[in-house]
Amino acid sequence: MSEQWRATAPIENLRRRAEILAQIRAFFAERKVLEVETPLMTSSAVSDPYIDTIECRYHPLPRQQEQVRYLQSSPEYAMKRLLASGSGAIYQVCKAFRNGECGRRHNPEFTMLEWYRPGFDHYQLMDEVEALVGPIIGFDDFKRISYAELFRQYLQIDLQAVTVAELAAATRQHIDVQMEDDNRDNWLNLLMSHVIEPQLADQGAVFVYDYPASQAALARTALDAEGGLVACRFELFVAGVELANGYFELTDGDEQARRFQQDIQQRQTEGLPLRPTDQLLVDALQSGLPECAGVAIGLDRLVMLALGTQNISDVIALPFDRA
Amino acid sequence: MCVNFAVATDHLSLIYFEINMANYPSNQFKNGLKVMIEGDPCSMVDVEFVKPGKGQAFTRVKLKNLITGRTWERTFKSNETAEGADVMDTDMEYLYCDGEMWHFMDPQSYEQVAADKTAIGDAHLWLKEQDKCLVTLWDNNPISITPPNFVELEVVETDPGLKGDTAQGGSKPAKLQSGAVVRVPLFIEQGDILKIDTRSGDYVSRA
């Protein structure tokens, strides 16, 4: 008989996972952050070109009047609609779904912890992430470094001055990759994930902040100390693992609509699937989103780090190939 | 042999076709997969899916060049493919060396292949006639030979043994029938048969 039926995660790991979930809920209860739920099946999809949404089909009558729905890849849009509806501080633990993301640290269906803090900026939110994550993973030393400083320090690259061709050349020095691309961010991401991240492995917990403005996603932009335009975005890397992604949130509905349009254009240029973007989010922002910061944490990875395991199937009872 | 197998029946030849001529998309990469990279057959030693939250997906692969033995890391884009390499591992019997080539035989089909100096590498140090070896064939030509983990070989030359010295301490070189020289304890005599770990080249015990 095949062993495919069996849980991959040891039951002890699942017990620890449940304890961590309880710890998270207690953390937010104490801080008066409201637990919410938003739809998993949505009428529009995320715009990020490199996140591929999984589609499903709803039929009001069997096999008739088919409506395409999208399994959410993040609860961000819906949670912002709650914030704009007057929810105050909220958090959610939910499943998120992404096509093609399967590997040692990825499961196409994974658990996300996401929360929003009206009145916080991203620096205050980093403090709160530290307060939540530190005790769970047993770290108390969190470093903070800007994206530009990281590239200066680890690769001797000045992001203000470097050209795409120079980035490509620098990447090829470190990585054997057959890639021609004039998208600057693709080279930056490659250097970040292949060269810098592995070196962060022995740096413990590191917040990287002030991302390039071109990687703002849903964060607002601002001028940094050197006068360059940067995204008010941070990521947390623990032991070289990308764990959290946070923004001082964009509240400008028109700018949000423009960014959707940019993503659609990039998808068209690269021949990626086109899906409806979320007009309801734009409407919510136009109606008024309170100034807030928000962050998402991969819960499975948090449990992996707490348990010291290298494989996501050690902390997910029944991962994708056994689902 | 692969070809013999393929022509056995239409059904099997279809399998042969799919296994050997396929282009593998990067999401189907896995440890042990054999692919052609820049004209050389390579084996995937480690495969990792890498994707920053907002960035493109890549597959980072540690590859071993099966001809040169070199290992290195290569990163594949998610839409990249790699051509499958017609590489297979077969158990074969070592026959003899003619001074230039080492000859092996498939004990089932009696088919023979000859490995050159490059393919044989260090394996010749541990070969004894009629021992079973793992022969890696690429397009039916041997490209590497893996001797059994443990072999038994006779000592053909060593300093006289020290009688009664079976305790620890002290070692001396001993030349084996295959030509290899290994460090052995002082009590070993010429004519002794020794068990050797071929992965480390270390003496294990008297056989």
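## Chain B at a glance

Among contacts in chain B between residues at least 6 apart in sequence, 46% join residues at least 24 apart. Bear in mind that this is a predicted model. By secondary structure, chain B has 16 strands and three helices. Of its 207 residues, 27% are buried.

## Phe29(B), a buried loop residue

Let's zoom in on one residue of chain B. Phe29(B) sits in the loop that links β1 (23–25) to β2 (34–37) of that chain. Is Phe29(B) buried or exposed? With 20 other C-beta atoms within 10 Å, Phe29(B) counts as buried, because 20 is the number at which that label starts to apply.

So who does Phe29(B) touch, once neighbours within four places in sequence are set aside? The partners are Tyr24(B), Met44(B), Val47(B), Thr59(B) and Val61(B). As for Asp86(B), 57 residues separate it from Phe29(B) in sequence, and the C-alpha to C-alpha distance is 16 Å.

## Where the chains meet

The contact draws 22 residues from chain A and 19 residues from chain B. On the chain B side, two elements give two or more residues each: β3 (40–50) and β5 (71–77). β5(B) gives the most, with five residues. Sorted by class, the chain B side has eight charged, six polar and five nonpolar residues.

## Two nonpolar cores

Now for the insides. The largest nonpolar core runs to 73 residues, and the ones with the most contacts inside it are Val129(A), Val208(A), Ala219(A), Leu236(A), Leu243(A), Ile297(A) and Leu302(A). A second core, separate from that one, has 49 residues, including Ala45(A), Ile51(A) and Cys94(A) along with Val47(B). Val47(B) turned up earlier too, as one of the contacts of Phe29(B).

Take Val208(A) from the largest core. Leaving out residues up to four places away in sequence, Val208(A) touches Ile145(A), Tyr147(A) and Leu150(A), plus Phe234(A), Glu235(A) and Phe237(A).

## Helix α9(A), wrapped up

Leu302(A), another of the residues with the most contacts in the largest core, is also one of the buried residues of α9(A). That helix covers residues 299–307 of chain A and is largely enclosed by the rest of the structure, because eight of its nine residues are buried. The buried set is Leu299(A), Asp300(A), Arg301(A), Leu302(A), Val303(A), Met304(A), Leu305(A) and Ala306(A). After the helix comes Gly308(A), with a positive phi near 70°.

Helix α1 (residues 11–30) of chain A crosses α9(A) at roughly 115°, and the two axes come within 10 Å. This crossing is right-handed. From α1(A), the contact uses Asn13(A), Arg16(A), Arg17(A) and Ile20(A); from α9(A), it uses Leu302(A), Val303(A), Ala306(A) and Leu307(A). By class, that comes to five nonpolar, two charged and one polar.

## The α5(A)–α6(A) pair

Elsewhere in chain A, helices α5 (residues 164–174) and α6 (residues 184–200) pack with their axes 9 Å apart, at an angle of about 25°. Since angles under 35 degrees count as roughly parallel, that is the label for α5(A) and α6(A). Their crossing is left-handed.

On the α5(A) side, Val164(A), Leu167(A), Ala168(A), Ala170(A), Thr171(A) and His174(A) do the touching. They meet Arg184(A), Trp187(A), Leu188(A), Leu190(A), Leu191(A), His194(A) and Val195(A) of α6(A). The residues of this contact divide into nine nonpolar, three polar and one charged.

Terms used:
Residues numbered from 1 in each chain as written. Chains lettered and ligands numbered in written order. Predicted model: local features only at pLDDT ≥ 70, side-chain atom pairs only at ≥ 80, totals over all residues. Core = buried A, V, L, I, M, F, W, Y, C linked by C-beta atoms within 7 Å. Buried ≥ 20, exposed ≤ 12 C-beta atoms within 10 Å, placed from the backbone. Contact = placed C-beta atoms within 7 Å. Helix = DSSP H or I, 4+ residues; strand = E, 2+ residues; numbered from the N terminus. Axes fitted to C-alpha atoms, helices over the stretch in contact; angles between N-to-C directions. Parallel < 35°, antiparallel > 145°, perpendicular 65-115°, else oblique. Left-handed = near helix turned anticlockwise from the far one by under 90°. Nonpolar A, V, L, I, M, F, W, Y, C, P; charged D, E, K, R; others polar.
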